[in-house]
Structure formats: structure tokens, C-alpha cells
Amino acid sequence: MNRILVVEDDRHISELVKVNLSDAGYFCICAYDGQQVIDLLDHQSFDLIILDVMLPYMSGFDLMEYIRPLHIPVIFLTAKSDVNDRVKGLKLGGEDYIVKPFEIIELLARVETVLRRYHKLSRYLYIDDICVDTLSRKVTKSGELINLTHKEYDILLLFLQNKNIALFRERIYETIWHEMYLEDSRTVDLHIQRVRKKCGLEHRIVSVYKIGYRLEVEE
């Protein structure tokens, strides 16, 4: 299980991030100021740090001087939208930069991308008798290959990375197709119907009234 350190002095945001990352299968610890971060890094190891820029005692940018030698990937989290701050964070070694307010699905996608870049994600994902090989992008059910299109595979992977989380229809569309969602579009529904049928997940991928869909998995 990947270990993530969430560094955010706003405890409401910190808890929100922790709960959603935990639901997605990550182990999370929260810190609320720079000194706590240093103390934790002295005694524990982490696969990723989500780091707020504006912190008590020392900024996230200042903390990078301590984090960089540990070779832990960092995603900056901040209310600042100034381009110069983004550039500074990336030049200091940050892997990504998210501006508040943000959607949880976007944060989860960025976390997954950074962990994959650092080869810290498990190659195989499972649900029931289905195995997803994230390296070869092959999906098998009881050992038999399931022929999914690129979009169908991406949708299945999105659900597996967001188990038991209700995903808005428009967010699914914008994440997979990288285009703005149109209210009358049936694209998402048709693709999810095909994923359900091909993978035998009719009882797992459920509709959420006025929202979208959720992959239900017993913890």
C-alpha cells in the first residue's frame, strides 16, 4: 500500500483529502506545519507528499530543501494561482501543482499519475475474478481476455482507482475524453453499459441518482 503524507494546515481540507485517498486504497498521514513534516520524515518513509505552499513556521517551498534529498515526489497544493508560483514549485522539484479549489477526482488522477511515473503503483488491479494489467493494458476475467476499447479500458481503470466513490457523469467524460461535457450526451452511459456487460459488473457499477455512477466494492 502506498504511503502518502498530506501536508495542509486547513484541517477540513486535510481530512477531506485523507478520507478520499484512504477510500482509494492509500495509507495517509496528515501534518499541519513544517516542523511536523520534518519530524515525520525523520522517522517514517513515504511514497508521495501532497504539500500545501502556505504553512505555519515555514512554507512548502522552504520544505522542499529538506524533502528533495529524500527523492520523494511532491504534488503542491495551494490557493495561489499565480504562474510564477507554479513555475517556482516545479523548479524546486515538484512533480505537479494543484490550485484550490479542486475536484477530488482530479487530485486522485494526479496522485495516480505521479506514483506511476515513479513506478510505485501495483501493476495489477483486481475486482472479483477480473485482473487488470496496467502495464500491458490487458483485462482478463477468470483468465480469459476481455476485449475492451481504449475508452472502455480507461473507464474501468477510473472506477478501480475510485472504488465506492460516486463519480459525476460530467467528470467521467472530461477525465476520459478531455473535452467539456454536454448535458444531452449519452456517450458516458453507452460506454459504461458496455463495460458492465463485457466485464460482468452489472451488480458492481451502479447508477447514482442525478450524479453518475459508483463502483461498489466490499472493503
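How many helices and strands does the protein have? The model is a predicted one. In this model, the protein has eight helices and twelve strands.

The overall dimensions come next. The C-alpha atoms of the protein fill a box of roughly 55 × 40 × 30 Å along the principal axes. The radius of gyration is 19 Å. A compact globule of 219 residues would have a value near 17 Å, so the protein agrees with that expectation.

Burial and surface were also computed. Of the 219 residues in the protein, 47% are buried, where buried means under 20% relative accessible area. The accessible surface comes to about 11,700 Å². Carbon and sulfur atoms account for 52% of that surface.

Contacts were then sorted by separation along the chain. The set comprised contacts between residues at least 6 apart in sequence. Within this set, 55% join residues at least 24 apart.

One sheet can be described strand by strand. Four strands build this open sheet, in the order β6-β7-β8-β9. Their pairing is antiparallel. Strand β6, residues 124-127, lies at one edge, and strand β9, residues 144-146, is the other edge strand. Each of these edge strands pairs on one side only. From one strand to the next, the twist averages 30°.

Within the sheet, strand β7 covers residues 130-133 and strand β8 covers residues 138-141. Four bridges connect β7 and β8 in the antiparallel sense. At the residue level, V132 has V139 in β8 as its bridge partner.

Technical notes:
Residues numbered from 1 in each chain as written. Predicted model: local features only at pLDDT ≥ 70, side-chain atom pairs only at ≥ 80, totals over all residues. Heavy atoms only, no water. Pairing = 2+ DSSP bridges. Helix = DSSP H or I, 4+ residues; strand = E, 2+ residues; numbered from the N terminus. Axes fitted to C-alpha atoms, helices over the stretch in contact; angles between N-to-C directions. Rg over C-alpha atoms; globule rule 2.2 N^0.38 Å. Buried < 20%, exposed > 50% of the residue type's maximum accessible area, 1.4 Å probe, protein only. Contact = heavy atoms within 4.5 Å. Areas by Shrake-Rupley, 256 points an atom, 1.4 Å probe, with all protein chains shown as cover.
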